[in-house]
Amino acid sequence: MRKGLVLAGAAVVGLALSLRLWGLTTANELFIDEVTYSRLALSVGRGEWPNLAGEAFYLHPPLTFWLNGVITGLFDLSPDPTTLVFQLRWVNALLGAVVVALGYLLLLRTTKPVVAVVGAVVLAADPFVLRNDSRVMLETPAFALILAGWLCLLIGLERRQWLISVGGFLLGLAVLAKDVSAVPALLPVLLATLWKRTLPRKTALQVFSLALVPYASYVIALAIAGRLPDWWSHKIGGLRRMAGLDQISGFNSPNAPNLLETLLGQLGRFGTSYVLLGLAVPAGVLALRSARADRRLIGLVASVMGMLGLFSLAFGTLEEQMGYFVVVPGVLALGVVAVELSVRLRPALVTATAAVVVAGLAFAAHARAVTDNGYQQARAFLDTQVPPNSRVGLTTPTAQFALHSGEGANLRVGTWTSLGALHRFRADYVLTQSRPLSLGYGYASPDLLPWLARHAEPVFRTTGPSGGDTIVWKLDQAELANAVRTGHLIPEVVAP
């Protein structure tokens, strides 16, 4: 029996790793946060505090940047932030497979072997989880630590008390990877002392005492370095964003694309993920009713993250990566519900589960097979196919980060987003991506695209599901000058 469980787990983890490594550099469009995090890793690799162009960065804690910085130095990875993104994606791919392995082990302890296998397959193939694990993001390492912490805690509650302390420390490390991890890592520990005495208060105190060590050490180091006031200012800003008081980014921000339109447009890519997101809170609440303490703990994790997701949807800063924190515990809670569901409902459950698994695998295969790396291809074209010292205008935040960060590229680039700016800075080319611009999610006006179609020459074009048409346009200087002379400037919609 044990050998069979090991083989089943190895097979599922192998599936997870294969899906994450398949198309790792081509199946996911470059994301602006990835370039930011690779730049922070480079600053750490130089022995500095995490910073962007010399400005200290405290929005997120530094553990993941330290990890990536060490790996960058250890394997002598590229000093160019954009190139480094595609190298560091391997780290998250491996950690994503670890998340699946830990999910499998947690489900083995709290449910039945068949449920553990099915739940792990769902996590391995879920297109939303898969995309996050295939990018340089903070959620994957954070949740690997969360699941490892909860696994140690559950084992410790049964027979090895010292593992409770290990679990608490791992949960604390998760918070040092991303602050919001405190919600699924620590809030359930507090609530577990109140809900049906799921955890003894002494155990909760033991967990909290070890969990505070990593972040407290970080804050003490900041204080010694005289950086605490700046850190506090950034943290207050982050809390205001999380609470929705400052809507700078996310789907609730003023210039964001319509959430419903985005969801409908992405239904063919993330349909099963939407189902899992919608079931997370009900599954968590149902798991809270279990007679077993370990299952109630899983329910608490899923419930608090689901509730935070609903708050973000209604009021807070709703960013797509927040869904990772909801889907993963939601799948675990669904596993608990599956084993506690009434026998009469089992046939319907088996049918629904089979549909989700098959659809999820189909979505995953499709997601990994597509080519969705427009910025990567455009940068290669600009670096090799345009005359030296050409001036290139950039029109989206991701392009700004991806091309401004380049080292060695024989180009002069600028975030020139209006016809007036393109003319003033004598731009020879302009790079656009149709989907973010048409949705109002870039710097330039959507009106720039039809003007370029009429008055400029597309010298490079590629199409992908994330960005739409990524095009490098060669500008006609006479047409550009005439537009400016007649007052047709097409000003930017968002100041860079």
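In which helix does Leu437 lie? Let us work that out together, along with a few other exercises. This is a predicted model in which local features need pLDDT of at least 70 and side-chain atom pairs count only at pLDDT 80 or more, while totals for chains, interfaces and linings use all residues. Residues are numbered from 1 along each chain as its sequence is written, and side-chain values use heavy atoms, with hydrogens and water left out.

**Exercise 1. Place Leu437 and describe its surroundings.**

Step 1. Leu437 belongs to helix H21, residues 434-438. Helices (H or I, at least four residues) and strands (E, at least two) are DSSP runs, numbered from the N terminus.

Step 2. Leu437 has 0% relative accessibility, so it counts as buried. Buried means under 20% relative accessible area, exposed over 50%, and partly exposed in between (1.4 Å probe, protein chains only).

Step 3. Leaving out residues up to four places away in sequence, Leu437 touches Thr395, Thr396, Thr432, Gly442, Tyr443, Ala444, Pro446 and Leu449. Contact means heavy atoms within 4.5 Å.

Step 4. From C-alpha to C-alpha, Leu437 and Val493 are 9.6 Å apart in space, with their positions 56 residues apart in sequence.

**Exercise 2. Describe how H5 packs against H17.**

Step 1. Two packed helices are described by the angle between their axes and the distance between the axes.

Step 2. The axes of H5 (residues 113-125) and H17 (residues 346-369) cross at roughly 30° and come within 9 Å. That makes H5 roughly parallel to H17. Axes are lines fitted to C-alpha atoms, for helices over the stretch in contact, and angles run from 0 to 180 degrees between N-to-C directions. Angles under 35 degrees count as roughly parallel, over 145 as roughly antiparallel, 65 to 115 as roughly perpendicular and the rest as oblique.

Step 3. On the H5 side, the contact is made by Val118, Val121, Val122 and Ala125; on the H17 side, by Thr353, Val357, Gly360, Leu361 and Ala364.

Step 4. Sorted by type, the residues of this contact of H5 with H17 are seven nonpolar, two polar and no charged. Ala, Val, Leu, Ile, Met, Phe, Trp, Tyr, Cys and Pro count as nonpolar, Asp, Glu, Lys and Arg as charged, and the others, Gly among them, as polar.

Step 5. Buried residues in H17 include Val357, Gly360 and Ala364.

**Exercise 3. Do the matching analysis for H4 and H16.**

Step 1. H4 covers residues 81-110 and H16 covers residues 322-340; their axes come within 9 Å and cross at roughly 30°. H4 and H16 are therefore roughly parallel to each other.

Step 2. Val99, Gly103, Leu106, Leu107 and Thr110 of H4 meet Tyr324, Val328, Leu332, Gly335 and Val336 of H16.

Step 3. The contact of H4 with H16 divides into seven nonpolar, three polar and no charged residues.

**Exercise 4. Find the backbone angle of Ala53 and of Asn389.**

Step 1. Most residues other than glycine have a negative phi.

Step 2. Ala53 is not a glycine, yet its phi is positive, about 55°. Ala53 sits in the loop between strand E1 (51-52) and strand E2 (55-56), and is exposed, with a relative accessible area of 78%.

Step 3. Asn389 is not a glycine either, and has a positive phi of about 65°. Asn389 is found in the loop between helix H18 (374-385) and strand E3 (390-394).
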